[in-house]
Amino acid sequence: MQAGQRRGRWSGVPLQDRHALRRDTLVAAGVHLLGSEGGPALTVRAACRQANLTERYFYESFSDREHFVRAVYDDVCTRAMATLT
């Protein structure tokens, strides 16, 4: 690394793993928003802001907001079922 350069967020993360990590980060942000005090604000902007990612990365993983909301609820259901069993 040259002097004056800072390490990027994805430094050291293999390219093939970055997509999955960003998707997981967005889903986790959605779960957080779903359980937030103000009620579910599962918008693209809110999810990106919570995950600290751009909309470019959102659309890398999800075709639209509905696809994202389904992924968030699937994650919540999967965790609930794992806890119950």
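**A colleague's note on the helices and their core**

1. Let's start with α1 in this predicted model. Helix α1 has 20 residues, and at 1.5 Å a residue these should span 28 Å; the end C-alpha atoms are 29 Å apart, so the expected and modelled values agree.

2. Which residues of α1 are buried? They are Arg22, Leu26, Val27, Ala29, Gly30 and Leu33. These residues cover an arc of only 155 degrees around the axis, so they sit on the same side of α1. As for what they meet there, the buried residues of α1 pack against α2, α3 and α4.

3. On to the core. The largest nonpolar core holds 18 residues, and Leu26, Phe58, Phe62 and Phe68 are the ones that touch the most other members. Two or more residues come from each of α1 (15-34), α2 (44-51), α3 (55-61) and α4 (65-84). The top contributor is α2, which gives five residues. As background, nonpolar side chains in soluble globular proteins tend to be buried together.

4. The aromatic rings deserve a look of their own. How many aromatic pairs does a search of the whole structure find? The search finds four. One of them joins Phe58 and Tyr59 in an edge-to-face arrangement, with 5.0 Å centre to centre and 80 degrees between the planes. The two partners differ in burial: Phe58 has 0% relative accessibility, so it counts as buried, whereas Tyr59 has a relative accessible area of 44% and is therefore partly exposed.

5. Phe62 and Phe68 make another edge-to-face pair, at 5.3 Å centre to centre and 75 degrees between the planes. Here Phe62 is buried, with a relative accessible area of 1%, and Phe68 counts as buried at 0%. Taking the rings together, Phe58, Tyr59, Phe62 and Phe68 are linked by ring pairs into a cluster.

6. If you are browsing contacts, Phe62 is a good place to pause. Setting aside neighbours within four places in sequence, Phe62 is in contact with Arg23, Leu26, Val27, His67, Phe68 and Ala71. Among these partners, Leu26 and Val27 belong to the buried residues of α1.

7. Finally, a polar residue: is Ser61 buried or exposed? Ser61 lies in helix α3 and has a relative accessible area of 11%; the cut-off for buried is under 20%, so Ser61 is buried. Not counting residues up to four places away in sequence, Ser61 touches His19, Arg23 and His67. Arg23 and His67 also appear among the contacts of Phe62.

Methods:
Residues numbered from 1 in each chain as written. Predicted model: local features only at pLDDT ≥ 70, side-chain atom pairs only at ≥ 80, totals over all residues. Heavy atoms only, no water. Core = buried A, V, L, I, M, F, W, Y, C linked by side-chain atoms within 4.5 Å. Buried < 20%, exposed > 50% of the residue type's maximum accessible area, 1.4 Å probe, protein only. Helix = DSSP H or I, 4+ residues; strand = E, 2+ residues; numbered from the N terminus. Contact = heavy atoms within 4.5 Å. Phe/Tyr/Trp six-rings, centres within 6.5 Å; stacked < 30°, edge-to-face > 60°. Expected span 1.5 Å × (residues − 1). Arc of directions from axis to C-beta.
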